[in-house]
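This report describes a structure for a reader who has not seen it before. Please look over the sequence and the model below before reading on.

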Amino acid sequence: MDHLTRLENKSIHILREAYSEFKNLCMLWSIGKDSTVLLWLARKSFFGHVPIPLVHIDTSFKIPEMIAYRDRLAIKWRLDMIYGQNLNALKEKQSFPDGNCTRLECCKLLKTEALINTLSGNWPRYRLNHDTGKYELDHNREPYSGVIVGVRSDEEGTRSKERYFSPRGKKSNWDLADQPPEFWNQYKTDFSPGTHVRIHPLLDWTELDIWEYINREKIPTVSLYYNQGDSTRYRSLGCAPCTRPVDSTAKNVAEIIEELKTGQFSRIAERSGREQDKEDGGGLETLRVDGYM
Amino acid sequence: MTALNLEGNRLAEDRENMHIAIVGHVDHGKSTVIGRLLADTGSLPEGKLELVREFCRRNARPFEYAFLLDALKDEQSQGITIESARCFFKTAKRNYIIIDAPGHIEFLKNMVTGASRAEAALLVIDATEGVQENSRRHGYMLSVLGIKQVAVLINKLDLVDYSREVFETVREEYRAFLEKIGIEPSCFIPVSGMRGDNIASLSEKMPWYCGSSVLEILDAFEGEKPEQDKPFRMPVQGVYKFTRDGDNRRIIAGTVEAGTLTVGDKVIFYPSGKISRVKSIEAFNQSKKDKLETGYAAGFTLAEQVFVSRGEIATLAGQLKPGVTSRIRANIFWLGREPFRKHKQYLFKLGTAKIGVTLEEVVKIIDASSLAVTSKDFLDKHDVAECILKLDQDIAFDPPDVLVQTSRFVIVDNYEIAGGGIVEEALADIHQATREKVHLRNIKWEKGYVEEEERAERYSQKPTLVLVTGKKEINRKQVAKVLEKKLFEQGKPVYFYSMGNLLYGIDADIKASVKNDKKEHFRRLAEVANIMLDAGIILIVSVIELTREDVRQLSLGINHEKIVTVWLGEEANTDVEIDLHIPETFSQDKTVATIKEYLQKKGIIFKPW
Ligand SMILES: Nc1nc2c(ncn2[C@@H]2O[C@H](COP(=O)(O)OP(=O)(O)O)[C@@H](O)[C@H]2O)c(=O)[nH]1
Ligand SMILES: [Mg+2]
């Protein structure tokens, strides 16, 4: 069995465990390459179906192509698509692009808070109606007790300390210093009321694995990852104001793989284009402990 | 470094991944060795080394290679590893995922988490301190976790003038310990993590050493081989049918732990003993296959539909049968905050099965460091012991010499995984005779052409045994009968049956001895229920003061997921597990309505789709 197939099978096993053990399960889809691979793996796990709702946190500052791509695939693959937002913060222009807070505060408001409250059902959720092609207010406000997330351990330090099944406290907080044990393909699938579990099927994948898998399976990805003629492309996708493209001539998946293996990026951190990581030394750790992806 | 190929101009297809755990006593230099491996193989992201050096300068701290790994704020400030971290690097041969396990005893659960993912381990011992408690304990845990490839690094040789004598003394002491627990290490390597001696390349400081460097030893470890030649085992993760999306396949899904499966093969599911034939192998975005191999997260459909559920293990007829029992002897290590005690209910998870369990007996406790044997009535945190466990339901498993994947289990206490273990052997339980009868019945069972799901669709209900029980003075029969009538009026095929009906009918030949042979009585009731449920019916039986053991008996004959227990009136005075409790204040109408509502909520009765 080759190495991509091995990774694939392990991830499928985890997705199926999650599906069997969590009644209120959802999957976060950031539209990026990792969570899109995750979505593809879900289709593999369930023989072409995706019996798990997909949740997208819309900061309203995402690059427009991302949203268009999201809705195109949602309709094509008949996905149970849900999105949530921090409506208040957006209304009051509490954001970095509006010049009213720092990048980290902005992430906390538009992503972390929106995520926590969408998952818990405290804030409204909007669900795609496949008959009309429009999003409607979702009546289901039950909290999600299992949340599948596409984080990889090679992304940055703290993520390498994650479990496949990682409990989050009542306030969605992550108790890094006291994580439960996890071994022998047995996962934490029992949880006390009010808490939830984050599930990480892609933990063992690297950035290169992701692209090689996209290549092998011919998974559709958003065009922003490719150089469209101006010799730049995005390596990691986030909000437009805080994500910079990198200089690259890679026009397709094969060229990205080549570039990752041999070129300029083989030794530069993937999230180096993400500005929020750079604030406060442990910026991402702080965000993640509070419930960020 | 010629052994390295950073550029990695190779295809994904021929790259191999290997997980390596690094363990040992705290401060013996695990993180340093890894940091050095990463630095010397050029595997760090550009600028990372400078960043950490700069951080140390600014904070007036000596530079530590460990800081390259210890990413948590707490870890950097305390200078220890709390969590198992993973880092990646590659050689010409393959990719490595190195798991840095914490050495501190407090974090043993993290060490277990890290090490259990590994195919091989590096065990680090500080030459100046020699063999310490956790050097031994971690060695012991590696053997319990089943990690057979171990290289021992004797570290900090720079502090002892690269002395051969010191190296050999530590080596002999530790070798003797490993021998006792049945680990034969691949080698002992004298190293200095800090200075990089014998890490990525052989050092001139120790001309007396003619073995391999750490990097060479890593490449000499062997990758995990799939258990292709073992009997076929696939724990069932789920049975999928996505009818709403217009897909009528009923797919048995799971990961193949061992062996192969081919279309046409006769499969037997254990513990139920249900039998069928493989109709097709299913996959998405893949060309049609007719054979499934070890390691694949797969799915297949059956030629004749039988009721199987998550937790069973699919096996092949004609191959070695798994053990099936509800009493086992096992080796257990305990990690829980609370001790593992008798008379307390825990959850037991093996493969995909999840069953209630209690500790029956602690046979002996083994000190993981001194190997001394003691006895106690319970297990404390970090104890390792041989125990006897009693399960609420049957499980299927293999002894470890047949297949470790299906002999390993974990124990859950209060939502947390609190211990792990290996089933060493099936012990006799009181259900053996009944179980054998049921297995034979399932193998011989002749089926008609009507499928269970077709009946369920036609009748808009899942066949279920509803046990209406309560104390002696409560009118169980009346409630059961009214419930039957009410469901019948709504068009449900339903049947009321009392224990008396059984006693004077099917039990007529043994009636006199029933008092002494309650087991046989319930075995027969299970057979009646099996027929009725197979016919698609909801069977309502009133029973006086139902016990856990009664339900257990019934579940040998029919799947426990098809049993619902309803307790009427005052608090239960038996140990039975109750699905629905009806307070004594409820009127008869309200009682029946509540039961009906429950059946609806559980999806046992539903509207036609
Ligand atoms: N002199 C010397 N010190 C070392 C060596 N390896 C590790 N150390 C020091 O020993 C201490 C503990 O090392 P660390 O890697 O954190 O140990 P861990 O707890 O096993 O991960 C640190 O201060 C290291 O600098 C070595 O080979 N030589
Ligand atoms: Mg350490």
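## A buried arginine in chain A

A:Arg163 is buried, with a relative accessible area of 1%. The model is a predicted one, and the values in this report are computed from it. The position of A:Arg163 along the chain is in the loop between β6 (146-148) and β7 (165-168) of chain A.

The side chain of A:Arg163 also meets chain B: a polar contact of 2.8 Å joins it to the side chain of B:Asn110. A:Arg163 counts as buried because its relative accessible area of 1% is under the 20% cut-off.

## A buried tyrosine in chain A

A second loop residue of chain A is A:Tyr225, placed between α6 (207-217) and β9 (232-233). Is A:Tyr225 buried or exposed? A:Tyr225 is buried, and its relative accessible area is 2%.

Several residues from other parts of the sequence are in contact with A:Tyr225. With neighbours within four places in sequence left aside, the contacts are A:Gly32, A:Lys33, A:Trp211, A:Arg233, A:Tyr234, A:Arg235, A:Ser236, A:Leu237 and A:Ile256. For A:Lys33 there is a polar contact too, since the side chain of A:Tyr225 reaches the backbone nitrogen of A:Lys33 at 2.7 Å. A:Arg235 is 10 residues away from A:Tyr225 along the chain, and the C-alpha atoms of the two are separated by 6.1 Å.

## Chain A overall and its hairpin

Chain A has 293 residues, of which 63% are buried. Its secondary structure consists of 8 helices and 10 strands. The chain exposes about 10400 Å², and 50% of that area is supplied by carbon and sulfur atoms. When contacts in chain A between residues at least 6 apart in sequence are considered, 70% of them join residues at least 24 apart.

Two strands of this chain can be followed in detail. Strand β4 (residues 126-129) and strand β5 (residues 134-137) of chain A run antiparallel and are joined by 4 bridges. Within this pair, A:Arg127 in β4(A) has A:Glu136 in β5(A) opposite it. The two strands form a hairpin with 4 residues between them. A:Gly133 lies in the turn and has a positive phi of about 75 degrees.

## Chain B overall and a covered strand

Chain B has 609 residues, and buried residues make up 57% of them. Its secondary structure comprises 14 helices and 26 strands. Along the principal axes, the C-alpha atoms of chain B fill a box of roughly 90 × 55 × 50 Å. The area exposed by chain B is about 26500 Å², with 49% supplied by carbon and sulfur atoms. Among contacts in chain B with a separation of 6 or more, residues 24 or more positions apart account for 71%.

How many of the 5 residues of strand β8 (residues 251-255) of chain B are buried? The count is 5 of 5. In a regular strand, side chains alternate between the two faces of the sheet. Both faces of β8(B) are covered, with B:Ile251, B:Ala253 and B:Thr255 buried on one side and B:Ile252 and B:Gly254 buried on the other.

β8(B) pairs with two strands described here. With strand β7 (residues 234-240) of chain B the pairing is antiparallel over 4 bridges, and B:Val236 stands opposite B:Gly254. With strand β13 (residues 297-302) of chain B the pairing is also antiparallel over 4 bridges. There, B:Ala253 has B:Gly299 as its bridge partner.

## The shell around ligand 1

Around ligand 1 there are 17 residues, and those that come nearest are B:Asp27, B:Lys30, B:Thr32, B:Glu64 and B:Asp158. The shell divides into 4 nonpolar, 8 polar and 5 charged residues. Helix α1 (residues 30-40) of chain B gives the most to this shell, with 3 residues.

Three polar approaches to oxygen atoms of ligand 1 can be listed. A polar side-chain atom of B:Lys30 lies 2.7 Å from an oxygen atom of the ligand. For B:Gly193, a backbone N or O atom is 2.9 Å from a ligand oxygen atom. For B:Met194, a backbone N or O atom is 3.1 Å from a ligand oxygen atom. Taken alone, ligand 1 exposes 580 Å², and the protein buries 88% of that.

Technical notes
Residues numbered from 1 in each chain as written. Chains lettered and ligands numbered in written order. Predicted model: local features only at pLDDT ≥ 70, side-chain atom pairs only at ≥ 80, totals over all residues. Heavy atoms only, no water. Near = heavy atom within 4 Å. Polar contact = N/O pair within 3.5 Å; in protein donor to acceptor, adjacent residues only side chain to side chain. Areas by Shrake-Rupley, 256 points an atom, 1.4 Å probe, with all protein chains shown as cover. Nonpolar A, V, L, I, M, F, W, Y, C, P; charged D, E, K, R; others polar. Buried < 20%, exposed > 50% of the residue type's maximum accessible area, 1.4 Å probe, protein only. Contact = heavy atoms within 4.5 Å. Pairing = 2+ DSSP bridges.
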